[in-house]
Amino acid sequence: ELMPYIEKHYRVNNSRHLCGFSMGGYGSMHYMLCHPEYFKSVFVYSSGLHYMDNVNGLKPGKRGITHFGNYDGNEKNYAPYSVYLRLDEFVKQGKKLPPVKMVWGSEDKVAETDEMSRYFVDYWKKRGYNVEWERLPGGHTWKFWRDNSPKILDFVWKNR
């Protein structure tokens with residue numbers, strides 16, 4: 001609904017890019033993995049990319065994400081929202097994905113962001129996809145995102 005509305009009401013070209021902060025970063029990655037052909041790049045800021053997955057034994061239910069019930073016994077409910085499983089499907093199909101950049105703060109204590117962002121970057125690279133990433137001083141705050149927002153435009157410009 002959003003893209004047709006924007007394209008109808010604003011002057012845009014065919015160069016679509018996604019960016020999300022915190023859980024919006026998960027949403028951006030999830031949406032890109034549903035429709036990779038729509039986007040030229042994805043920028044993920046301080047994101048919880050692991051919220052729907054059992055990553056290194058850290059299960060969704062352990063982090064308070066319980067709208068699908070406890071993870072054990074309900075894995076099938078979580079699976080359609082897993083960025084890891086979806087990425088593995090793209091690897092099997094040999095599909096190309098748009099460039100991705102991740103940025104997170106070294107003092108970010110929300111939802112194991114530092115540990116899980118590193119895990120995601122390694123997971124991505126082991127499957128042959130490139131992801132740019134930066135770990136910068138700062139936390140899970142609007143100040144951190146605002147102060148580093150020019151990085152989004154630099155990445156978009158590079159991948160236009």
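The following dialogue works through a predicted model of one protein chain and asks what stands behind the terms used to describe it.

Student: How many helices and strands does the protein chain have, and in what pattern do they follow one another?

Tutor: The secondary structure of the protein chain comes to seven helices and four strands, and along the sequence these elements are arranged as α-β-α-β-α-α-β-α-β-α-α.

Student: What makes the sheet an open one, and in what order do its strands lie?

Tutor: The four strands lie in the order β1-β2-β3-β4, with parallel pairing, and the ends of that order are free, in that β1 (17-21) and β4 (131-136) are edge strands, each pairing on one side only. On average, neighbouring strands are turned by 10° against each other, direction ignored.

Student: How do you know that β1 and β2 count as paired, and what about β2 with β3 and β3 with β4?

Tutor: Strands are called paired if there are at least two bridges between them. β1 and β2 have five bridges in the parallel sense, β2 (residues 41-45) and β3 (residues 100-105) have four, also parallel, and six bridges join β3 to β4, which run parallel as well, so each of these pairs meets the requirement of at least two bridges.

Student: Which residues stand opposite one another in these pairs?

Tutor: C19 stands opposite F43 in β2, V42 stands opposite V100 in β3, and M102 has W133 of β4 as its bridge partner.

Student: Why is β3 described as largely enclosed?

Tutor: The description rests on burial, for which the cut-off is a relative accessible area under 20%. Six of the six residues of β3 are buried, and therefore the strand is largely enclosed by the rest of the structure. Both of its faces are covered, with V100, M102 and W104 buried on one side and K101, V103 and G105 buried on the other.

Student: Which face of β1 is covered, and which is uncovered?

Tutor: In β1 the covered face holds L18 and G20, while the uncovered face holds H17, C19 and F21. In a regular strand the side chains alternate between the two faces of the sheet.

Student: Which helices lie against the sheet, and at what angles do they run?

Tutor: Helix α2 (residues 23-34) lies across β1, β2 and β3 and runs at about 150° to β1. Helix α7 (residues 150-158) packs on the sheet and touches β1, β2, β3 and β4, its direction making about 165° with that of β2.

Student: Why is S117 called buried, and N130 exposed?

Tutor: S117 has a relative accessible area of 1%, and because buried means under 20%, the term applies. S117 lies in helix α5 (residues 113-126) and, leaving aside neighbours within four places in sequence, is in contact with S47, M102 and W104. N130 has a relative accessible area of 57%, and because exposed means over 50%, that word fits N130.

Student: Where is N130, and what does N130 touch?

Tutor: N130 sits in the loop between α5 and β4 and, not counting residues up to four places away in sequence, touches V100, W124 and K125. N130 and P98 are 32 residues apart in sequence, with their C-alpha atoms 9.4 Å apart in space.

Student: What is notable about phi in S22 and S46?

Tutor: Phi of S22 is near 55°, a positive value in a residue other than glycine, and S22 is found in the loop between β1 and α2. S46 likewise has a positive phi, about 45°, although it is not a glycine, and its place is in the loop between β2 and α3 (75-78). S46 has a relative accessible area of 1%, so it falls under the 20% limit and is buried.

Student: What is the volume of the largest pocket, and which element gives the most to its lining?

Tutor: The largest pocket has a volume of about 220 Å³, and α7 gives the most to its lining, with four residues. Both β1 and α7 supply at least two lining residues each, and the lining includes H17, C19, F43, I152 and W157.

Student: What is the make-up of that lining in nonpolar, polar and charged residues?

Tutor: The lining residues divide into seven nonpolar, two polar and one charged.

How values were computed: Residues numbered from 1 in each chain as written. Predicted model: local features only at pLDDT ≥ 70, side-chain atom pairs only at ≥ 80, totals over all residues. Heavy atoms only, no water. Axes fitted to C-alpha atoms, helices over the stretch in contact; angles between N-to-C directions. Contact = heavy atoms within 4.5 Å. Buried < 20%, exposed > 50% of the residue type's maximum accessible area, 1.4 Å probe, protein only. 1 Å grid on protein atoms, 1.4 Å probe; cavity = no way out; pocket = protein on both sides within 12 Å on 5 of 7 lines; lining within 4 Å. Points joined across faces, edges and corners; volume = space filled by probe spheres on them. Nonpolar A, V, L, I, M, F, W, Y, C, P; charged D, E, K, R; others polar.
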